[in-house]
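I set out to record what I looked up in this structure, entry by entry. The topics are aromatic pairs, charges over rings and one helix.

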Amino acid sequence: MSRSRLRAVLAASAATLALSTTTVLTTPVSASSAALDGLAGTSALRITDEQVKAEVRPAEVAALGRPAAEAEARDRIGLRAVQTGYPQTTRTLRLKALTDSQAKTNAAFDPAQFGRFTDYFSSPEYGDHIALLPTGKVLIFSFEAVEDNPQKEPAPTDVIGKQNAGRAYLWDPAKGTGLDSFTAVPPPVVNMPDGLDEPRPAPFFCAGHSYLPNGMVGVFGGNLGGNGGTGAKLALVFDPWTETWHQEQDMAVGRWYPTAVTGADGRQLIMSGQSELGWGTPTPVIERFPAKGTGVFFDKSKAPDGVALDQWKADAPYRMDYPHLFSLNDGKVYGFGRDADQQFVFDPANETRASLPDRPDGGMRNYGSAVALPNGTSGPDSVLVLGGNRNDPNTYRFAGGQWTKDTPRAFGRTQDDTLVLPNGNLFTVNGAYDIRDYGNGPYNPNADPKYRQTELRDAGGRWTLGPVQRLPRGYHSNAVILPDGRIMITGDELQQIANNPDIKSGLNGTIEIYEPPYLHQGDRPSLRTAPTDPLNYNATFRVNTNTPTQATRAVLVAPITSTHSVDTSQRRLELRITGRAGSQLVLQTPASAKDAPPGFYMLFLLNDAGVPSEAKWVQLNPNA
């Protein structure tokens with residue numbers, strides 16, 4: 001239907017059309033019935049103030065004025081409501097065009113300098129949330145889709161009842177890329193307090209997550225449903241050793257889009273997120289898991305069940321969700337909010353909050369990456385804020401209590417993921433113009449080609465554009481460093497359903513693999529064995545290698561668990577090599593838990609060129 005025809009439909013239905021209703025639909029509207037009802041003028045197409053506010057484009061306000069810009073926004077929402085499908089032929093042609101253009105573009109990039117993309121394969125899960133597990137498997141989870149048309153919202157954000165459900169899978173890289181490499185691990189069935197009495201797999205999408213010291217993953221919050229995103233009080237733990245979920249006591253407040261971080265004491269701090277009252281009610285309450293007085297979980301044979309959280313004395317008054325949180329080497333947690341004037345430092349020792357200087361760019365940044373920068377053998381003491389502003393290619397470094405402008409990337413992007421590689425370099429992948437917008441308007445999967453291009457930052461801080469990924473992945477995209485040094489890229493359900501070669505197959509996700517340059521720079525050192533028992537801090541331990549003369553450095557790299565461009569766990573530390581004897585190296589662990597919070601880390605050996613071995617897992621435990 002043309003936009004002019006849509007305007008006529010809306011005008012004909014004016015007697016019943018509630019363009020400014022405050023009532024939120026709680027179940028998905030059938031697009032076909034909405035179209036027929038609108039044409040007949042027999043029922044209302046409800047468009048809420050919140051929907052209009054989210055859809056209004058600042059450029060249109062500036063050019064047309066607020067009333068006209070809101071009218072355009074309502075037209076777009078209405079148009080999406082009457083769109084009844086997305087042709088399979090378009091999906092197939094899109095994927096072919098992207099595949100062909102990727103091959104053509106990347107032929108110009110030398111893998112030894114820029115790396116290369118290799119495997120691209122189907123997955124049963126979108127991968128909006130991700131966590132590398134110390135078993136080598138990857139936990140990927142999100143939601144059961146309510147829509148397969150990429151021109152509509154596929155997530156059940158405003159849905160209550162059994163359709164608002166979560167799902168989760170494990171991918172085992174050791175089994176390759178076929179269907180047998182995936183295992184379903186659905187979350188616990190819960191009865192959400194939405195008044196409908198419809199138990200379903202816990203709707204934990206858009207939660208926050210971080211690692212427990214025993215290698216398990218704590219997941220906090222999720223979607224109660226309705227009102228533009230309403231926070232759930234869910235607190236869950238995934239046990240990678242038994243591949244089971246465990247439900248803890250509910251949090252004190254609901255959280256939709258919170259952030260969780262593991263501190264030096266091994267406890268998880270959970271901040272921010274929209275409350276159980278819905279969008280526009282971010283909670284300032286800080287919660288801690290497990291509660292003070294309850295033991296921290298170091299033993300991988302013991303999973304928490306029904307464990308309580310408690311609240312801090314101080315609060316975290318973030319106006320916007322998903323702040324970046326980092327536990328730095330002074331033992332404090334630094335919280336970098338999306339608003340420039342909301343930068344805080346939190347002291348777990350006395351449960352206090354203090355303000356930090358405003359970020360110098362001013363204004364608000366959308367979802368975008370930030371990383372704790374490597375600091376030799378010490379834990380990180382600085383953070384680099386990168387993405388989140390499509391108009392600002394600059395990066396901003398916080399160190400020593402002050403902000404400085406760092407080297408810019410080629411262009412600004414939101415929804416990006418930046419990784420700290422084993423050699424200490426940075427790698428950016430994914431990105432978009434805005435939420436569900438790749439440069440050609442909301443819910444249009446056609447992307448500005450630049451957002452497919454990767455960027456690499458060398459040891460001197462210089463950024464260089466690299467090869468392009470298959471799909472342009474923006475909102476809900478993720479990337480993870482695997483123990484073999486490759487990078488797994490997934491997420492962004494809109495792009496995945498827009499490029500599915502068979503939307504009826506049930507495989508509505510995809511994974512792509514990138515090999516960094518170091519995998520094309522000669523032979524890799526070997527790491528044959530490493531301790532399987534926990535290691536204490538400031539202690540020595542031995543590893544065995546078949547290439548002792550090649551191994552010139554040893555590093556710990558924390559596993560990644562991320563969503564919405566937020567990863568609080570990333571960390572890279574050099575380890576001192578204190579002795580050599582034949583095939584054995586003697587290494588020294590970090591000085592304290594402030595440098596590296598307790599938990600599991602990937603241990604890599606590197607040669608002079610920064611080429612890493614395959615990793616072995618080690619656990620840091622102050623009680624070892």
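**Aromatic pairs**

I began with Trp-171, which counts as buried at 2% relative accessibility. I note here that the model is a predicted one.

I then looked up the ring partner of Trp-171 and found Phe-121, the two forming a tilted aromatic pair. Their centres are 5.5 Å apart, and the angle between the planes is 45°. Phe-121 is also buried, with a relative accessible area of 7%; because the cut-off for buried is under 20%, the value qualifies.

I checked where the two rings sit in the chain. Phe-121 belongs to strand S1 and Trp-171 to strand S4 (residues 166-171), so the pair links distant parts of the chain, 50 residues apart.

I turned next to Trp-312 and Phe-346. Their ring centres are 6.4 Å apart and their planes stand at 65°, so I entered the pair as edge-to-face; the cut-off for that class is over 60 degrees. Trp-312 lies in strand S15 (residues 310-315) and Phe-346 in strand S18 (residues 343-347). The pair therefore ties together parts that are 34 residues apart in sequence. I found both Trp-312 and Phe-346 buried.

For the whole structure I recorded 29 aromatic pairs. I also noted one aromatic cluster, whose members include Tyr-126, Phe-143, Phe-205, Trp-256 and Tyr-257. Trp-279, Tyr-322, Tyr-367 and Tyr-475 belong to that cluster as well.

**Charges over rings**

I looked up two arginines placed over tyrosine rings. The charged end of Arg-390 sits over the ring of Tyr-433, 3.9 Å from its centre. Arg-470 lies over the face of Tyr-120, at 4.5 Å from the ring centre.

**Helix H6**

I compared the length of helix H6 (residues 88-106) with expectation. At 1.5 Å a residue, its 19 residues should span 27 Å, and the end C-alpha atoms are 27 Å apart, which agrees.

Which residues of H6 are buried? I listed Arg-91, Arg-94, Leu-95, Leu-98, Gln-102 and Asn-106. Seen down the axis of H6, these buried residues fall within an arc of 95°, so they line one face of the helix. I recalled the general rule that an α-helix has 3.6 residues a turn, so residues three or four places apart point the same way.

On the other side of H6, I found Thr-89, Leu-93, Ala-103 and Lys-104 exposed. I last looked up what covers the buried residues of H6: the cover includes strand S1 (116-123), strand S27 (463-468), helix H8 (493-498) and strand S30 (509-515).

Technical notes. Residues numbered from 1 in each chain as written. Predicted model: local features only at pLDDT ≥ 70, side-chain atom pairs only at ≥ 80, totals over all residues. Heavy atoms only, no water. Helix = DSSP H or I, 4+ residues; strand = E, 2+ residues; numbered from the N terminus. Expected span 1.5 Å × (residues − 1). Buried < 20%, exposed > 50% of the residue type's maximum accessible area, 1.4 Å probe, protein only. Arc of directions from axis to C-beta. Contact = heavy atoms within 4.5 Å. Phe/Tyr/Trp six-rings, centres within 6.5 Å; stacked < 30°, edge-to-face > 60°. Lys NZ or Arg CZ within 6 Å of the ring centre and 35° of its normal.
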